[in-house]
Amino acid sequence: MHVTFDRYPGGKIVAEWPAPRRIATLSVHTSPLEQPGTGDAGGMNVYIVEVSKRLAKFGVEVEIFTRATRGELPPVVEMAPGVKVRHVNAGPLEGLSKEELPSQLCAFTNGVLRAEAAHPPGYYDLIHSHYWLSGQVGWLARERWGVPHVHTAHTLAKVKNRLIADGDRPEPKARVIGEEQVIAESDRLVANTRFEAADLVGSYDADPARVAVVEPGVDLDRFRPGRADRAALGLPATGKIVAFVGRIQPLKGPDVLVSALACLKAMSDQDVTVVICGGPSGSGLDRPTALMELAASLGVAGSVKFLPPQTGDDLARLYRTADLVAVPSHSESFGLVALEAQACGTPVVAAAVGGLVTAVKDGVSGVLIDGHDPRDWARVFDNLLAAPRHRAVLAAGAVAHAADFSWDRTAEALLRVYGEAVTDHRTLIAARLDEACIW
(Lines give C-alpha, C1' and ligand atoms only; values in the text may rest on other atoms or scores of the structure.)
Protein backbone atom coordinates (compact mmCIF):
# COMPACT_ATOMS: atom_id res chain seq x y z
CA MET A 1 0.00 0.00 0.00
CA HIS A 2 1.30 3.45 -0.91
CA VAL A 3 0.00 6.88 0.05
CA THR A 4 0.76 10.15 -1.70
CA PHE A 5 0.08 13.58 -0.20
CA ASP A 6 0.60 16.92 -1.87
CA ARG A 7 1.98 18.36 1.31
CA TYR A 8 3.01 17.77 4.89
CA PRO A 9 3.72 20.26 7.70
CA GLY A 10 6.22 22.65 6.22
CA GLY A 11 4.50 22.75 2.84
CA LYS A 12 6.97 20.55 0.97
CA ILE A 13 5.98 18.07 -1.69
CA VAL A 14 6.16 14.46 -0.54
CA ALA A 15 7.02 11.64 -2.90
CA GLU A 16 5.10 8.38 -2.79
CA TRP A 17 6.13 6.11 0.07
CA PRO A 18 4.84 2.88 1.60
CA ALA A 19 2.22 3.17 4.31
CA PRO A 20 1.40 0.37 6.75
CA ARG A 21 -1.81 -1.57 6.19
CA ARG A 22 -2.30 -2.23 9.88
CA ILE A 23 -0.56 -0.87 12.95
CA ALA A 24 -0.49 -2.01 16.56
CA THR A 25 -0.86 1.00 18.85
CA LEU A 26 0.25 0.39 22.44
CA SER A 27 -1.19 2.33 25.37
CA VAL A 28 -0.53 0.28 28.50
CA HIS A 29 -1.44 2.61 31.33
CA THR A 30 -4.53 4.39 30.02
CA SER A 31 -7.30 3.45 27.63
CA PRO A 32 -8.44 5.73 24.81
CA LEU A 33 -11.98 4.88 25.95
CA GLU A 34 -11.45 6.59 29.33
CA GLN A 35 -12.63 10.11 30.07
CA PRO A 36 -9.75 12.63 29.86
CA GLY A 37 -9.25 14.85 32.88
CA THR A 38 -9.13 12.30 35.67
CA GLY A 39 -6.92 9.42 36.77
CA ASP A 40 -4.17 8.93 34.17
CA ALA A 41 -6.39 9.95 31.26
CA GLY A 42 -5.39 13.20 29.61
CA GLY A 43 -4.04 14.65 26.40
CA MET A 44 -2.43 11.36 25.39
CA ASN A 45 -5.87 9.73 25.34
CA VAL A 46 -7.20 12.48 23.09
CA TYR A 47 -4.14 12.16 20.85
CA ILE A 48 -4.54 8.40 20.37
CA VAL A 49 -8.29 8.64 19.71
CA GLU A 50 -8.08 11.45 17.19
CA VAL A 51 -5.01 10.18 15.34
CA SER A 52 -6.39 6.63 15.13
CA LYS A 53 -9.64 7.84 13.58
CA ARG A 54 -7.77 9.90 10.99
CA LEU A 55 -5.39 7.07 10.15
CA ALA A 56 -8.39 4.81 9.57
CA LYS A 57 -9.87 7.44 7.29
CA PHE A 58 -6.64 7.30 5.27
CA GLY A 59 -7.05 3.52 4.93
CA VAL A 60 -4.78 2.28 7.74
CA GLU A 61 -6.32 -0.17 10.21
CA VAL A 62 -5.47 0.58 13.83
CA GLU A 63 -5.60 -1.86 16.74
CA ILE A 64 -5.02 -0.27 20.15
CA PHE A 65 -3.78 -2.49 22.98
CA THR A 66 -4.51 -1.31 26.51
CA ARG A 67 -4.72 -2.94 29.93
CA ALA A 68 -8.11 -4.28 31.05
CA THR A 69 -9.17 -2.56 34.28
CA ARG A 70 -12.72 -3.89 34.65
CA GLY A 71 -14.14 -7.39 34.35
CA GLU A 72 -17.12 -6.32 32.25
CA LEU A 73 -14.93 -4.97 29.45
CA PRO A 74 -15.23 -7.02 26.24
CA PRO A 75 -11.94 -8.31 24.80
CA VAL A 76 -12.32 -6.14 21.69
CA VAL A 77 -14.27 -2.90 21.19
CA GLU A 78 -14.73 -1.10 17.88
CA MET A 79 -13.97 2.50 18.80
CA ALA A 80 -14.58 3.77 15.26
CA PRO A 81 -14.67 2.27 11.76
CA GLY A 82 -11.23 0.78 11.18
CA VAL A 83 -10.17 1.25 14.82
CA LYS A 84 -10.30 -1.52 17.46
CA VAL A 85 -9.40 -1.40 21.14
CA ARG A 86 -8.06 -4.68 22.54
CA HIS A 87 -8.25 -5.12 26.32
CA VAL A 88 -5.30 -7.16 27.58
CA ASN A 89 -5.52 -9.01 30.90
CA ALA A 90 -2.42 -8.00 32.85
CA GLY A 91 -2.71 -7.86 36.60
CA PRO A 92 -5.83 -7.21 38.66
CA LEU A 93 -8.98 -5.93 36.98
CA GLU A 94 -8.69 -2.54 38.60
CA GLY A 95 -6.83 0.67 38.13
CA LEU A 96 -3.15 0.54 38.99
CA SER A 97 -0.83 3.49 39.44
CA LYS A 98 1.89 3.98 36.87
CA GLU A 99 4.40 3.06 39.59
CA GLU A 100 2.74 -0.36 39.94
CA LEU A 101 2.49 -1.13 36.24
CA PRO A 102 6.11 -2.14 35.47
CA SER A 103 5.44 -5.41 37.32
CA GLN A 104 2.69 -6.19 34.78
CA LEU A 105 4.66 -5.45 31.60
CA CYS A 106 5.59 -9.10 31.11
CA ALA A 107 1.93 -10.15 31.31
CA PHE A 108 0.88 -7.32 29.00
CA THR A 109 3.56 -8.18 26.46
CA ASN A 110 2.42 -11.79 26.53
CA GLY A 111 -1.13 -10.69 25.73
CA VAL A 112 0.04 -8.54 22.81
CA LEU A 113 2.20 -11.34 21.36
CA ARG A 114 -0.63 -13.86 21.72
CA ALA A 115 -3.03 -11.60 19.84
CA GLU A 116 -0.59 -11.36 16.94
CA ALA A 117 0.11 -15.10 17.01
CA ALA A 118 -3.56 -15.80 16.29
CA HIS A 119 -3.08 -14.25 12.82
CA PRO A 120 -0.89 -15.14 9.84
CA PRO A 121 2.71 -13.85 10.02
CA GLY A 122 3.06 -10.21 9.04
CA TYR A 123 -0.38 -9.21 10.37
CA TYR A 124 0.94 -5.92 11.78
CA ASP A 125 3.22 -3.77 9.65
CA LEU A 126 4.32 -1.34 12.36
CA ILE A 127 4.15 -0.68 16.11
CA HIS A 128 3.45 2.76 17.57
CA SER A 129 3.90 2.94 21.35
CA HIS A 130 2.83 5.80 23.60
CA TYR A 131 4.60 6.58 26.91
CA TRP A 132 7.63 4.67 28.14
CA LEU A 133 5.71 1.71 29.61
CA SER A 134 4.25 0.98 26.19
CA GLY A 135 7.66 1.56 24.66
CA GLN A 136 9.07 -1.33 26.67
CA VAL A 137 6.39 -3.62 25.21
CA GLY A 138 6.93 -2.24 21.72
CA TRP A 139 10.67 -2.88 21.98
CA LEU A 140 10.06 -6.60 22.59
CA ALA A 141 7.25 -6.94 20.04
CA ARG A 142 9.48 -5.33 17.41
CA GLU A 143 12.09 -8.03 17.92
CA ARG A 144 9.52 -10.82 17.75
CA TRP A 145 7.53 -9.53 14.77
CA GLY A 146 10.39 -8.08 12.74
CA VAL A 147 8.57 -4.75 12.10
CA PRO A 148 9.58 -1.14 12.77
CA HIS A 149 8.79 0.47 16.12
CA VAL A 150 7.76 4.13 16.36
CA HIS A 151 7.60 5.67 19.84
CA THR A 152 6.03 8.83 21.27
CA ALA A 153 7.09 9.64 24.83
CA HIS A 154 4.46 12.36 25.55
CA THR A 155 6.36 13.21 28.77
CA LEU A 156 9.98 12.68 29.75
CA ALA A 157 11.16 11.89 33.28
CA LYS A 158 14.34 13.97 33.08
CA VAL A 159 12.36 17.02 31.95
CA LYS A 160 9.69 16.56 34.62
CA ASN A 161 12.31 16.18 37.35
CA ARG A 162 14.12 19.29 36.14
CA LEU A 163 10.90 21.34 36.36
CA ILE A 164 9.29 19.57 39.30
CA ALA A 165 6.52 21.39 41.16
CA ASP A 166 6.57 21.95 44.92
CA GLY A 167 4.94 19.00 46.66
CA ASP A 168 5.28 16.67 43.69
CA ARG A 169 7.21 13.40 43.63
CA PRO A 170 10.19 13.06 41.30
CA GLU A 171 10.00 10.40 38.63
CA PRO A 172 11.86 7.23 39.72
CA LYS A 173 15.23 6.12 38.38
CA ALA A 174 13.57 3.00 36.91
CA ARG A 175 11.53 5.19 34.58
CA VAL A 176 14.60 7.14 33.48
CA ILE A 177 16.39 3.90 32.62
CA GLY A 178 13.31 2.54 30.85
CA GLU A 179 13.02 5.68 28.73
CA GLU A 180 16.71 5.54 27.82
CA GLN A 181 16.29 1.96 26.63
CA VAL A 182 13.21 2.67 24.54
CA ILE A 183 14.71 5.78 22.98
CA ALA A 184 17.87 3.88 22.04
CA GLU A 185 15.98 0.96 20.48
CA SER A 186 13.12 2.67 18.59
CA ASP A 187 13.26 3.03 14.81
CA ARG A 188 11.64 6.46 14.97
CA LEU A 189 10.88 8.89 17.80
CA VAL A 190 7.97 11.28 17.39
CA ALA A 191 8.28 14.55 19.32
CA ASN A 192 5.36 16.94 19.74
CA THR A 193 7.52 20.04 19.32
CA ARG A 194 11.06 21.04 18.39
CA PHE A 195 11.70 21.63 22.10
CA GLU A 196 10.81 18.03 22.92
CA ALA A 197 13.00 16.89 20.04
CA ALA A 198 15.88 18.88 21.56
CA ASP A 199 15.26 17.19 24.92
CA LEU A 200 15.35 13.75 23.30
CA VAL A 201 18.68 14.54 21.67
CA GLY A 202 20.24 16.58 24.46
CA SER A 203 19.05 14.69 27.53
CA TYR A 204 18.70 11.16 26.13
CA ASP A 205 21.34 11.10 23.38
CA ALA A 206 18.76 10.21 20.73
CA ASP A 207 19.97 10.03 17.13
CA PRO A 208 18.69 13.27 15.51
CA ALA A 209 18.12 11.39 12.24
CA ARG A 210 15.53 9.20 13.98
CA VAL A 211 13.62 12.08 15.63
CA ALA A 212 10.64 13.59 13.81
CA VAL A 213 8.58 16.55 14.99
CA VAL A 214 4.84 16.02 14.50
CA GLU A 215 2.64 18.60 16.21
CA PRO A 216 -0.67 17.46 17.70
CA GLY A 217 -3.93 18.91 16.44
CA VAL A 218 -7.37 19.99 17.54
CA ASP A 219 -10.87 18.98 16.46
CA LEU A 220 -11.78 22.17 14.61
CA ASP A 221 -15.34 20.96 14.00
CA ARG A 222 -16.10 20.60 17.71
CA PHE A 223 -13.92 23.34 19.14
CA ARG A 224 -14.97 26.55 17.44
CA PRO A 225 -16.33 29.94 18.52
CA GLY A 226 -19.95 29.96 19.66
CA ARG A 227 -22.40 31.19 22.26
CA ALA A 228 -21.38 31.14 25.90
CA ASP A 229 -23.82 29.33 28.20
CA ARG A 230 -23.07 29.89 31.87
CA ALA A 231 -26.41 28.60 33.09
CA ALA A 232 -25.87 25.17 31.53
CA LEU A 233 -22.66 24.79 33.57
CA GLY A 234 -24.08 26.21 36.78
CA LEU A 235 -21.71 29.19 36.73
CA PRO A 236 -22.38 32.73 38.00
CA ALA A 237 -24.40 34.87 35.63
CA THR A 238 -22.12 37.87 36.13
CA GLY A 239 -18.44 38.56 36.63
CA LYS A 240 -15.37 37.29 34.85
CA ILE A 241 -14.41 33.60 34.57
CA VAL A 242 -10.92 32.12 34.42
CA ALA A 243 -10.98 28.38 33.73
CA PHE A 244 -8.53 25.55 34.35
CA VAL A 245 -9.11 22.24 32.52
CA GLY A 246 -7.06 19.16 33.30
CA ARG A 247 -6.00 16.66 35.89
CA ILE A 248 -5.68 18.07 39.40
CA GLN A 249 -2.08 17.40 40.40
CA PRO A 250 0.95 19.56 41.27
CA LEU A 251 2.45 19.08 37.79
CA LYS A 252 -0.47 20.94 36.20
CA GLY A 253 -0.22 23.86 38.65
CA PRO A 254 -3.87 24.51 39.56
CA ASP A 255 -2.63 25.75 42.95
CA VAL A 256 -0.88 28.60 41.10
CA LEU A 257 -4.25 29.69 39.73
CA VAL A 258 -5.98 29.57 43.14
CA SER A 259 -3.14 31.52 44.76
CA ALA A 260 -3.21 34.04 41.89
CA LEU A 261 -6.93 34.53 42.53
CA ALA A 262 -6.17 35.50 46.12
CA CYS A 263 -3.55 37.98 44.90
CA LEU A 264 -6.01 39.36 42.35
CA LYS A 265 -8.67 39.87 45.01
CA ALA A 266 -6.14 41.83 47.07
CA MET A 267 -5.11 44.14 44.23
CA SER A 268 -8.41 44.61 42.37
CA ASP A 269 -12.15 44.87 42.92
CA GLN A 270 -12.93 42.82 39.81
CA ASP A 271 -15.55 40.10 40.26
CA VAL A 272 -13.71 36.93 39.17
CA THR A 273 -14.58 33.24 39.50
CA VAL A 274 -11.99 30.53 38.94
CA VAL A 275 -13.39 27.30 37.49
CA ILE A 276 -11.39 24.11 38.10
CA CYS A 277 -12.56 21.37 35.72
CA GLY A 278 -11.01 17.94 36.26
CA GLY A 279 -10.29 15.19 38.75
CA PRO A 280 -7.36 14.29 41.01
CA SER A 281 -4.49 12.40 39.42
CA GLY A 282 -0.93 11.29 40.12
CA SER A 283 0.44 12.68 43.37
CA GLY A 284 -2.76 14.74 43.58
CA LEU A 285 -4.47 11.55 44.74
CA ASP A 286 -2.47 11.73 47.96
CA ARG A 287 -4.51 14.77 49.03
CA PRO A 288 -7.58 14.98 46.77
CA THR A 289 -9.05 17.90 48.75
CA ALA A 290 -5.81 19.93 48.88
CA LEU A 291 -6.97 22.49 46.33
CA MET A 292 -10.22 23.11 48.19
CA GLU A 293 -8.27 23.47 51.42
CA LEU A 294 -5.91 25.96 49.76
CA ALA A 295 -8.82 28.06 48.50
CA ALA A 296 -10.36 28.08 51.97
CA SER A 297 -7.08 29.02 53.65
CA LEU A 298 -6.65 31.95 51.25
CA GLY A 299 -10.22 33.14 51.75
CA VAL A 300 -11.30 32.61 48.13
CA ALA A 301 -13.32 29.38 48.45
CA GLY A 302 -16.50 31.26 47.48
CA SER A 303 -14.91 32.33 44.21
CA VAL A 304 -13.64 28.89 43.16
CA LYS A 305 -16.03 26.54 41.36
CA PHE A 306 -15.14 22.86 40.87
CA LEU A 307 -16.55 20.92 37.93
CA PRO A 308 -16.08 17.25 37.07
CA PRO A 309 -14.30 16.43 33.79
CA GLN A 310 -16.38 17.57 30.84
CA THR A 311 -16.73 15.77 27.52
CA GLY A 312 -17.28 16.79 23.92
CA ASP A 313 -19.67 19.66 23.44
CA ASP A 314 -19.83 20.38 27.19
CA LEU A 315 -16.09 20.95 27.24
CA ALA A 316 -16.35 23.28 24.24
CA ARG A 317 -19.15 25.13 26.06
CA LEU A 318 -16.88 25.69 29.06
CA TYR A 319 -14.11 27.09 26.88
CA ARG A 320 -16.54 29.50 25.21
CA THR A 321 -17.94 30.59 28.57
CA ALA A 322 -14.56 31.47 30.05
CA ASP A 323 -13.04 34.90 29.57
CA LEU A 324 -9.59 33.34 29.91
CA VAL A 325 -8.26 29.80 30.13
CA ALA A 326 -5.20 29.29 32.33
CA VAL A 327 -2.58 26.57 31.78
CA PRO A 328 -0.04 27.00 34.62
CA SER A 329 1.71 23.65 34.12
CA HIS A 330 5.25 23.16 35.36
CA SER A 331 5.96 20.80 32.45
CA GLU A 332 3.90 20.17 29.32
CA SER A 333 4.83 18.18 26.23
CA PHE A 334 2.31 20.18 24.21
CA GLY A 335 -0.86 21.36 25.95
CA LEU A 336 -3.97 20.31 24.01
CA VAL A 337 -6.20 22.26 26.41
CA ALA A 338 -4.56 25.49 25.26
CA LEU A 339 -5.22 24.64 21.62
CA GLU A 340 -8.84 23.62 22.22
CA ALA A 341 -9.57 26.81 24.16
CA GLN A 342 -8.04 29.00 21.46
CA ALA A 343 -10.01 27.22 18.76
CA CYS A 344 -13.14 28.24 20.69
CA GLY A 345 -12.00 31.88 20.64
CA THR A 346 -10.80 32.10 24.24
CA PRO A 347 -7.38 33.64 24.94
CA VAL A 348 -4.99 31.49 26.98
CA VAL A 349 -2.64 32.49 29.74
CA ALA A 350 0.02 29.78 30.02
CA ALA A 351 3.37 29.04 31.58
CA ALA A 352 6.24 29.46 29.13
CA VAL A 353 7.31 25.82 29.36
CA GLY A 354 7.66 22.92 26.93
CA GLY A 355 5.08 22.64 24.19
CA LEU A 356 3.02 25.56 25.50
CA VAL A 357 5.48 27.88 23.79
CA THR A 358 4.25 26.35 20.52
CA ALA A 359 0.61 25.89 21.46
CA VAL A 360 0.19 29.54 22.51
CA LYS A 361 1.41 32.41 20.35
CA ASP A 362 2.55 34.95 22.89
CA GLY A 363 0.88 38.34 22.45
CA VAL A 364 -1.25 37.06 19.57
CA SER A 365 -3.44 34.23 20.89
CA GLY A 366 -2.70 34.67 24.58
CA VAL A 367 0.05 35.44 27.04
CA LEU A 368 3.00 33.32 28.16
CA ILE A 369 4.35 33.84 31.68
CA ASP A 370 7.85 33.00 32.84
CA GLY A 371 7.68 31.24 36.18
CA HIS A 372 4.82 30.42 38.55
CA ASP A 373 4.75 33.35 40.96
CA PRO A 374 1.03 33.88 41.72
CA ARG A 375 1.57 37.66 41.83
CA ASP A 376 2.78 37.67 38.23
CA TRP A 377 -0.21 35.61 37.16
CA ALA A 378 -2.58 37.89 39.08
CA ARG A 379 -1.22 40.98 37.34
CA VAL A 380 -1.69 39.42 33.90
CA PHE A 381 -5.24 38.35 34.77
CA ASP A 382 -6.06 41.81 36.12
CA ASN A 383 -4.77 43.58 33.00
CA LEU A 384 -6.55 41.25 30.56
CA LEU A 385 -9.86 41.05 32.40
CA ALA A 386 -10.01 44.84 32.61
CA ALA A 387 -9.37 45.23 28.87
CA PRO A 388 -12.24 43.72 26.80
CA ARG A 389 -10.93 45.19 23.53
CA HIS A 390 -7.51 43.62 24.05
CA ARG A 391 -9.17 40.30 24.86
CA ALA A 392 -11.20 40.54 21.66
CA VAL A 393 -8.01 41.01 19.64
CA LEU A 394 -6.43 38.02 21.37
CA ALA A 395 -9.60 35.99 20.80
CA ALA A 396 -9.38 36.59 17.05
CA GLY A 397 -5.70 35.71 17.13
CA ALA A 398 -6.49 32.56 19.10
CA VAL A 399 -8.93 31.28 16.47
CA ALA A 400 -6.46 32.04 13.66
CA HIS A 401 -3.58 30.36 15.51
CA ALA A 402 -5.57 27.20 16.28
CA ALA A 403 -6.66 26.96 12.65
CA ASP A 404 -3.07 26.07 11.75
CA PHE A 405 -3.44 22.81 13.67
CA SER A 406 -5.66 19.88 12.74
CA TRP A 407 -5.67 16.15 13.43
CA ASP A 408 -5.71 15.45 9.68
CA ARG A 409 -2.42 17.34 9.43
CA THR A 410 -1.03 15.33 12.34
CA ALA A 411 -2.09 12.00 10.82
CA GLU A 412 -0.58 12.92 7.44
CA ALA A 413 2.73 13.72 9.08
CA LEU A 414 2.65 10.48 11.07
CA LEU A 415 2.03 8.50 7.90
CA ARG A 416 5.14 10.05 6.44
CA VAL A 417 7.13 8.98 9.53
CA TYR A 418 5.65 5.47 9.29
CA GLY A 419 6.58 5.30 5.62
CA GLU A 420 10.16 6.29 6.33
CA ALA A 421 10.40 3.72 9.13
CA VAL A 422 9.01 0.96 6.89
CA THR A 423 11.37 1.90 4.05
CA ASP A 424 14.43 1.94 6.32
CA HIS A 425 13.40 -1.38 7.85
CA ARG A 426 13.03 -3.03 4.46
CA THR A 427 16.39 -1.65 3.38
CA LEU A 428 18.00 -3.07 6.52
CA ILE A 429 16.42 -6.50 5.98
CA ALA A 430 17.54 -6.53 2.34
CA ALA A 431 21.10 -5.64 3.36
CA ARG A 432 21.16 -8.45 5.91
CA LEU A 433 19.89 -10.94 3.32
CA ASP A 434 22.56 -9.81 0.86
CA GLU A 435 25.21 -10.24 3.51
CA ALA A 436 23.93 -13.71 4.37
CA CYS A 437 24.03 -14.73 0.70
CA ILE A 438 27.59 -13.48 0.35
CA TRP A 439 28.73 -15.60 3.26
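Here is a walk through two sheets and one helix of this structure, which is a predicted model.

Let's begin with the sheet of eight strands. This one is open, and its strands follow the order β5-β6-β4-β3-β7-β8-β9-β10, with mixed pairing. At the edges sit β5 (76–80) and β10 (211–213), each of which pairs on one side only. If you ignore direction, neighbouring strands here are turned against each other by 25 degrees on average. As a reminder, strands of a sheet pair through backbone hydrogen bonds, and they can do that either parallel or antiparallel.

Now zoom in on the β10 end. Strand β9 (residues 188–191) runs parallel to β10, and three bridges connect the pair. A good residue to click on is Ala191, which belongs to β9 and has Val213 in β10 as its bridge partner. How buried is Ala191? Its relative accessible area is 0%, so Ala191 counts as buried. Leaving out residues up to four places away in sequence, Ala191 touches Val211, Ala212, Val213 and Val214, as well as Glu196, Ala197 and Leu200. There is also a link across the sequence: Ala191 and Glu215 are 24 residues apart along the chain, yet their C-alpha atoms are separated by 7.6 Å.

On to the other sheet. It is open too, with six strands in the order β13-β12-β11-β14-β15-β16 and parallel pairing. Its edge strands, each pairing on one side only, are β13 (304–307) and β16 (366–369). From one strand to the next, the twist averages 20 degrees. For a closer look, take strand β14 (residues 324–327) and strand β15 (residues 348–351): they run parallel and are joined by three bridges. Within that pairing, Val325 has Val348 of β15 as its bridge partner.

The last stop is helix α11 (residues 336–343). Eight of its eight residues are buried, so the helix is largely enclosed by the rest of the structure. Among those buried residues are Leu336, Val337, Ala338 and Leu339, but also Glu340 and Gln342. Just after the helix, Gly345 adopts a positive phi of about 90 degrees.

Glu340, which lies in α11, deserves a look of its own. Which side chain of opposite charge is nearest to Glu340? That would be Arg222, 8.2 Å away, and Glu340 has no salt bridge even though it is buried. Beyond residues up to four places away in sequence, Glu340 touches Val46, Val218, Phe223, Leu315 and Tyr319.

Technical notes: Residues numbered from 1 in each chain as written. Predicted model: local features only at pLDDT ≥ 70, side-chain atom pairs only at ≥ 80, totals over all residues. Heavy atoms only, no water. Pairing = 2+ DSSP bridges. Helix = DSSP H or I, 4+ residues; strand = E, 2+ residues; numbered from the N terminus. Axes fitted to C-alpha atoms, helices over the stretch in contact; angles between N-to-C directions. Buried < 20%, exposed > 50% of the residue type's maximum accessible area, 1.4 Å probe, protein only. Contact = heavy atoms within 4.5 Å. Lys, Arg positive; Asp, Glu negative; His and termini not counted. Salt bridge = Lys/Arg side-chain N within 4 Å of Asp/Glu carboxyl O.
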